[in-house]
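Hello,

Here is the structure we talked about handing over. Please open it first and then read the notes underneath.

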Amino acid sequence: MNLVYTGKTKNVYALDNGNYLLKFKDDCTGKDGVFDPGENSVGLTIEGVGDVNLRMSIYFFEKINAAGIKTHYVNANLADTTMEVLPAKVFGKGLEVICRLKAVGSFLRRYGDYVESGADLPAYVETTFKNDALGDPLVTKDGLVVLGVMTEQQYEDIKDMTQKITRIVADDLAEKGLTLYDIKFEYGYDAEGKVMLIDEIASGNMRVYKDGQYIDPMTLSKLFFA
């Protein structure tokens, strides 16, 4: 294996078969020791979080693949906390896609003059560039197209896939008495330009509440797999 990228929550290795291997770590994004999926730096380390993030990713990737939505997932090995994935190019220098079902976090900080905390949102999709120095700036569909980051069709595919995947995750959580407020995804594209879901789908990438109370990632994972 050849290490090609060291990330905040995962390291990426190139495999001899042309695929890649993601090694999940116990680091989480946050600030001042408090977890926050919207933050752009590692804020804390929680023992075992890499394992539960991989378990949840396996669960949802298999479910999403079965729904006919394209992802990079191939297989996983829980023994060494790794996931084999298909090669994919990222959009630009990295793009995050957030789907919001409730007004919370950075959305509320930006638009609090116009919306109440926890207000329902219609699977609102927003995109941000992955850029720590600039605080992951928001970018619109027109901006993405004008800057040559993606085509209009790729954006529409991403938006459609994001809303469908969010519904799969939200419905699954609802069955367990949990409410999804927002969730963060990453996408890439294959050699033919076809969009695919990449990275992970785990408790560290979503805000979930139970009976109006926020559930931290480790507790969420325990509740999810209980």
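**Backbone angles**

A123 is found in strand β11, which covers residues 120-129. The model is predicted, and the remarks here should be read with that in mind. Phi of A123 is near 50 degrees, a positive value although the residue is not a glycine. Most residues other than glycine have a negative phi. Is A123 buried or exposed? With a relative accessible area of 17%, A123 falls under the 20% limit, so it counts as buried.

D211 also has a positive phi without being a glycine, in this case about 55 degrees. D211 sits in the loop between β15 (206-210) and β16 (213-215). Its relative accessible area is 71%, so D211 counts as exposed.

**Strands at the start of the chain**

Strand β1 (residues 2-6) and β2 run antiparallel and are joined by four bridges. A hairpin of three residues connects β1 to β2. On the other side of the pairing list, β2 is joined to strand β3 (residues 20-24) by five bridges, again antiparallel. The hairpin between β2 and β3 has five residues, and G18 in that turn has a positive phi of about 95 degrees.

V12 is a useful residue to click on. In β2, V12 stands opposite Y5, and its bridge partner in β3 is L22. Strand β2 itself (residues 10-14) is mostly covered, with four of its five residues buried. When you look at the side chains there, recall that in a regular strand they alternate between the two faces of the sheet.

**Aromatic rings**

How many aromatic pairs are there? The count comes to eleven. One of them is F61 with Y73, a stacked pair with 5.7 Å from centre to centre and 5 degrees between the planes. F61 belongs to helix α1 (residues 49-66) and Y73 to strand β7 (residues 73-77), so this pair ties together parts that are twelve residues apart in sequence. Both rings are covered: F61 has 0% relative accessibility and counts as buried, and Y73, at 12%, counts as buried too.

Y209 and Y214 make another pair. Their ring centres are 5.8 Å apart and their planes stand at 65 degrees, so the pair is edge-to-face. Y209 is buried, at 14% relative accessible area, whereas Y214, at 33%, is partly exposed.

Four residues, Y59, F60, F224 and F225, form one aromatic cluster. F224 has a further partner: K176 lies over the face of its ring, 4.8 Å from the ring centre. A second lysine, K102, lies over the face of Y181, at 6.0 Å from the ring centre.

**One residue in a helix**

Q154 is located in helix α4 (residues 152-174). Its relative accessibility is 12%, so Q154 counts as buried. Which residues does Q154 touch, apart from its neighbours within four places in sequence? The contacts are F91, Y189, G193 and V195.

If you have time for one thing only, display V12 with Y5 in β1's partner strand view and with L22 in β3.

Regards

Terms used:
Residues numbered from 1 in each chain as written. Predicted model: local features only at pLDDT ≥ 70, side-chain atom pairs only at ≥ 80, totals over all residues. Heavy atoms only, no water. Phe/Tyr/Trp six-rings, centres within 6.5 Å; stacked < 30°, edge-to-face > 60°. Helix = DSSP H or I, 4+ residues; strand = E, 2+ residues; numbered from the N terminus. Buried < 20%, exposed > 50% of the residue type's maximum accessible area, 1.4 Å probe, protein only. Lys NZ or Arg CZ within 6 Å of the ring centre and 35° of its normal. Contact = heavy atoms within 4.5 Å. Pairing = 2+ DSSP bridges.
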